[in-house]
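This report is meant for a reader who is meeting the structure for the first time. It goes through each chain in turn, then the place where the chains meet, and ends with a few unusual backbone details.

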Amino acid sequence: MRGRDHDTLTLRRRTHLAAIAALVAVALTAGCQVDSLADIPADPRGTLDRVEGGFLRVGVSPNPPWTDLPEGLGDPLRPSGREVELVEDFAESLDAEVVWAAGSEEELLGDLETGALDVVVGGLTARSPWASHAALTRPYASVPGEKGEEELHVMATPMGENAFLVALERFLLAQDVGG
Amino acid sequence: MSDVGQQGGRQDGRREPTRFGHTELPREQEEALRRAVRLAWVTIGFLVTAVVAVYVTMGSSQAMKAAWAEDLLSFIPPISFLVALHLTRKPPSPRHPYGHHRSIGVGHLVAGTSLVIMGTFLVWDSGSGLLKAEHPPIGVMEVGGHVVWSGWLMIAALAYTAVPPVLLGRAKMPLAEKLHDRVLYADADMNKADWMTAVGGIVGIVGVGVGWWWADAAAALFISGSILRDGVGNVRTAVTALMDARATTVDGKEVHPLVGRVDALLRGLPWVAEAGSRVRDEGHVFHVEGFVVPIGAPPSLEELAQARDALVALDWKVQDAVVVPCAELPDELLPGVGDEREDAPARGHDAG
């Protein structure tokens, strides 16, 4: 009986040691992934790197005054509205060119999930049911809605592209959009 | 905290002993109990701050969700310790002739069951997140006008929850042994391992930070696995105790040394030829049924009373004891008795 207890104890201690070793290994590997703390968070799919100096692919669904589409769409598509302006300024800050795509929210969010789009705008609010399919930004504007309740406006980005999400959020929070 | 003063210090002017039911606590145990109650309240106070800190920084991290659930569950052991303590003080009554000591076992079982349920749910939740390759989004938060990546705040919150439980667990462990309190033991044991959840969570968030989407769910799986394991261990010990298994040490690993001492004491009586006993753990205290075969003539009532007094004098845990004289040891009441108690090789049936 004593012997067995002794074994359990050593086993437990060994499990502890193994756990610690594994954690240290993971932490070290993680440390080698980045050059500096400024690289945290990083994008698993490298969205921000790709957009910088390249193209920002934005899905837009009409929801005036936030987003509006011209009659007959036109080619290239030139939407208008407050969120459209914000996105264009954001792209400029990244030295990127915006490529617009129009569609319904469902289509656009689907494209966002597959990685065909980088941002979706369309007067989305923090109460959007899409929250489990897209990473919504922090609210950047709060306006009174139709029934007097606060509407917190957000944009949608791909799930888990955290460097890109943080870049967009920082940009939006720095703008004085107000309500 | 008012409870401490009430329970510990109330009788300070004219000291009346603290009791578990009818069992008077020796001074050492009384002191340990007072400290244990204080530590339970400190734990609850700390957990309130930990739950708030983890909740406000949680965001959509699966690992934070699991860590938060664990902090919430950690309320159960100290609370059931305090509740059980309150009940166990009640003296036996006609309705409860054995006293209320079993409340410890009930509290233990409740705590264990909730850990199992929550652990299972979280293992499923984070496991499916991992299989579906869900990428956790972690954005920014505004703290005092500064925009900070929420991951840093999560790491800070987890780091805050890492150290105090370990200290609390270390402080509680010797008290649990002194008081023979299984709920307190389970609580201390969980507290002591708590830093691993915090560190696991931190590694998960750092992993997400460097771009490993799976790190968060993997950390969550690790945390929920530890919750589930705690739960299974606790349910097993609690059920064993409630099933009236032979009394064991508070960690449930060894036969309690008192079991052997009870037998030895009875066998050592000058008028006793043979003796055996059943000892069960009621929670804190033991119930002892001793069977003795007298040499020649039946023992006098006085001799029997002395035998009982000697048993009670063995240890504060032995209070509820009976000594039954019989012509021969009743096999049906003492299954396999004698074989395994004195370190003889255990017979198969309950060697585990």
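In this predicted model, the secondary structure of chain A comes to 5 helices and 7 strands, and along the sequence these elements follow the pattern α-α-β-α-β-α-β-β-β-β-β-α. Of the 179 residues of chain A, 34% count as buried. Among the contacts in chain A between residues at least 6 apart in sequence, 66% join residues that are at least 24 apart. The chain is divided into domain 1, residues 2-34, and domain 2, residues 47-174, and the centres of these two domains of chain A, taken over C-alpha atoms, are separated by 45 Å.

Chain B is likewise assigned two domains, with domain 1 covering residues 2-242 and domain 2 covering residues 257-350. Their centres, again taken over C-alpha atoms, are separated by 38 Å. Where the two domains of chain B touch, 17 residues of domain 1 are in contact with 8 residues of domain 2. On the domain 1 side of this contact, α5(B) gives the most, with 3 residues, and the residues of that side divide into 7 nonpolar, 8 polar and 2 charged.

The UniProt record, an unreviewed entry, lists "domain: Cation efflux protein transmembrane" at residues 42-243 of chain B. Over residues 42-243 of chain B, the model is 77% helix and 4% strand, with the end C-alpha atoms 32 Å apart. The unreviewed UniProt entry also places the feature "transmembrane region" at residues 36-56, 68-88, 109-127, 147-168 and 195-215 of chain B. The table sets the domain span beside two of the transmembrane spans.

| Span of chain B | Helix | Strand | Distance between end C-alpha atoms |
|---|---|---|---|
| residues 42-243 | 77% | 4% | 32 Å |
| residues 109-127 | 100% | 0% | 26 Å |
| residues 195-215 | 81% | 0% | 18 Å |

One helix of chain B, α3, can be examined in more detail. Helix α3(B) runs over residues 62-73, and because its 12 residues at 1.5 Å a residue should span 16 Å, the 17 Å between its end C-alpha atoms agrees with that expectation. The helix is mostly covered, with 11 of its 12 residues buried; among them are Q62(B), K65(B), W68(B), E70(B) and L73(B). What covers the buried residues of α3(B) includes α2 (27-57), α4 (76-88), α5 (103-131), α6 (150-160), α8 (182-209) and α9 (214-242) of chain B.

What do the two chains contribute to the contact between them? The contact takes 25 residues from chain A and 24 residues from chain B. On the side of chain A that touches chain B, the elements that give two or more residues are α1 (2-33) and α5 (162-174) of chain A, and the largest share, 7 residues, comes from α1(A). By class, this side of chain A has 16 nonpolar, 4 polar and 5 charged residues.

Buried nonpolar residues also group into cores. The largest nonpolar core has 101 residues, and those with the most contacts inside it are V87(A), V119(A), V120(A), A156(A), A36(B) and L184(B). Helix α8(B) gives the most to this core, with 13 residues. Leaving aside its neighbours within four places in sequence, A156(A) is in contact with several residues, including L109(A), V119(A), V120(A), W130(A) and L136(A). A second, separate core of 20 residues includes F20(B), V259(B), L265(B) and F291(B).

Some details of the backbone complete the picture. In chain A, the peptide bond from I40(A) to P41(A) is cis, with omega near 0°, and P41(A) lies in the loop between α1 and α2 (47-51) of chain A. Another cis peptide bond joins P64(A) and P65(A), where omega is about 5°; P65(A) is found in the loop between β1 (55-60) and α3 (82-93) of chain A.

In chain B, H180(B) has a positive phi of about 50° although it is not a glycine, and this residue lies in the loop between α7 (163-179) and α8 of chain B. Is H180(B) buried or exposed? With 24 other C-beta atoms within 10 Å, H180(B) is buried. H284(B), also not a glycine, has a positive phi of about 70° and lies in the loop between β5 (272-283) and β6 (285-294) of chain B. H284(B) is buried, with 24 other C-beta atoms within 10 Å.

Terms used. Residues are numbered from 1 along each chain as its sequence is written. Chains are lettered from A and ligands numbered from 1 in the order in which they are written. This is a predicted model: local features need pLDDT of at least 70, side-chain atom pairs count only at pLDDT 80 or more; totals for chains, interfaces and linings use all residues. Two residues are in contact if their C-beta atoms, placed from the backbone, lie within 7 Å. Ala, Val, Leu, Ile, Met, Phe, Trp, Tyr, Cys and Pro count as nonpolar, Asp, Glu, Lys and Arg as charged, and the others, Gly among them, as polar. The expected span of a helix is 1.5 Å times one less than its number of residues. UniProt positions are given in the numbering used here, feature names are shortened, and annotations may be inferred rather than shown by experiment. Domain bounds come from an automatic or database domain assignment. A nonpolar core is a set of buried Ala, Val, Leu, Ile, Met, Phe, Trp, Tyr and Cys residues joined through C-beta atoms within 7 Å.
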